[in-house]
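Reader: Could you take me on a close look at the pocket region of this one? I'd like the lining, and then whatever packs around it.

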Amino acid sequence: MSVLKTSNLKKHYHTGAVVKAVDGIDFEVESGEFVSIVGSSGSGKSTLLHLLGGLDRPTDGTVEINGNLIYAMKDEELTIFRRRNIGFVFQSYNLIPVLSVEENILLPIQLDGNKPDMVFVDRIIETLGIADKRLSMPNQLSGGQQQRVAIARALASKPMIILADEPTGNLDSKSGMDVIGLLKVSGEKFGQTIVLITHNTEIAQMADRTVRIEDGRIVGGASK
């Protein structure tokens, strides 16, 4: 069953000339699937991820998440839907420096006015190997540890989909492989769908399927 589907998705920018960052993409992701998206710099892969996550409205086309056409929603409705259904992991860890590891992980859940499922959160923290760091502050952690916290934060609210944009970009190769390995294990363990943007072909091969995008169009891997 498809949890994520796009139809004729486009994002064009008018800067004198028309820049077709995303140019008519049809794309589906099955529930529980781990998909990597690769492409050269400027190919449109990050723009595509932002459209999939409801962070930027398309010029044309649709994005459907679990049967919901997200761009038919008003801004406030979309914000709430995104917070409850999509977890984001970015290259910059985006941790709040004055909050502890545990506080950073719980923050999105608390912002939504919900009570955290601490049994679930404890399992995530244990799986990601940061149980001994839960009271630490972000500046006391290595880059790899900070990215593990960012992944834990994305997983903790039990979203249907995790969208990760170059999450290993600030890490050395070993830490990067470790982090993606943990992301994959966590996704499988907690039944979450993952879409990962990366320029690293070795990391891309860890996914169930690799989609290649060039010039705003999918050129390989659109379906299983």
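**Around the pocket**

Author: In this predicted model, let's start on a strand: valine 89 stands opposite alanine 164 in S7. Valine 89 is part of the pairing between S6 and S7, which run parallel and are joined by five bridges. S6 itself is mostly covered, with four of its five residues buried.

That strand is a good way into the largest pocket, because S6 gives the largest share of its lining, five residues. The space in the largest pocket comes to about 470 Å³. The lining counts 20 residues, and the ones closest to the pocket's centre are Arg83, Ile86, Phe88, Pro108 and Arg153. Looking at whole elements, two or more lining residues come from each of helix H2 (75-85), strand S6 (86-90), helix H3 (101-111) and helix H5 (143-156). As for character, the lining splits into 11 nonpolar residues, six polar and three charged.

Now for the second largest pocket, where the space is about 160 Å³. Its lining is made by Arg83, Arg84, Pro108, Ile109, Asp112, Asn114, Lys115, Pro116, Asp117, Ala156, Ser157 and Lys158. Here the elements that supply two or more residues are H2 and H3. You'll spot Arg83 and Pro108 in this list, and both were named among the residues closest to the centre of the largest pocket. The class make-up goes like this: six charged residues, four nonpolar and two polar.

H2 has come up for both pockets, so what does its buried side look like? Its buried residues are Leu78, Phe81, Arg82 and Asn85. Looking down the axis of H2, these fall within an arc of 100 degrees, so they line one face of the helix. What they pack against is a set of strands: strand S4 (60-65), strand S5 (68-69), S6 and strand S7 (161-165). So the S6 and S7 pair we started from, five parallel bridges and all, is part of what the buried residues of H2 pack against.

S4 leads on to the start of the chain. S1 and S4 pair in the antiparallel sense, with five bridges between them. In that pairing, lysine 5 has glutamate 64 as its bridge partner in S4. On top of that, strand S1 (residues 2-15) is paired with strand S2 (residues 17-30), again antiparallel, over 11 bridges. The two make a hairpin with one residue between them, and glycine 16 in the turn has a positive phi of about 85 degrees. Right by the turn, threonine 15 stands opposite alanine 17 in S2.

Back to the pocket side, and the loop that runs between S6 and H3. Serine 100 is found there. Is it buried or exposed? Serine 100 has 7% relative accessibility, and with the cut-off for buried at under 20%, it counts as buried. Once you leave aside neighbours within four places in sequence, serine 100 is in contact with Arg134, Leu135, Ser136 and Met137.

Another loop worth a look is the one between helix H4 (118-127) and H5, which is where alanine 131 sits. Alanine 131 counts as partly exposed, at 30% relative accessibility. Not counting residues up to four places away in sequence, alanine 131 touches Ile125 and Glu126. Alanine 131 also lies 9.6 Å from valine 101, C-alpha to C-alpha, with the two 30 residues apart in sequence.

Those contacts of alanine 131 bring us to H4 itself. Buried in H4 are Phe120, Val121, Ile124, Ile125 and Thr127. They cover an arc of only 165 degrees around the axis, which puts them on the same side of H4. Val119 and Glu126, on the other side of H4, are exposed. So of the two residues that alanine 131 touches, Ile125 is buried and Glu126 is exposed. The cover over the buried residues of H4 includes H3, H5 and helix H6 (173-190). H3 and H5 are also among the elements that give two or more residues to the lining of the largest pocket. After H4 comes glycine 129, with a positive phi near 70 degrees.

Conventions. Residues numbered from 1 in each chain as written. Predicted model: local features only at pLDDT ≥ 70, side-chain atom pairs only at ≥ 80, totals over all residues. Heavy atoms only, no water. 1 Å grid on protein atoms, 1.4 Å probe; cavity = no way out; pocket = protein on both sides within 12 Å on 5 of 7 lines; lining within 4 Å. Points joined across faces, edges and corners; volume = space filled by probe spheres on them. Nonpolar A, V, L, I, M, F, W, Y, C, P; charged D, E, K, R; others polar. Buried < 20%, exposed > 50% of the residue type's maximum accessible area, 1.4 Å probe, protein only. Arc of directions from axis to C-beta. Contact = heavy atoms within 4.5 Å. Pairing = 2+ DSSP bridges.
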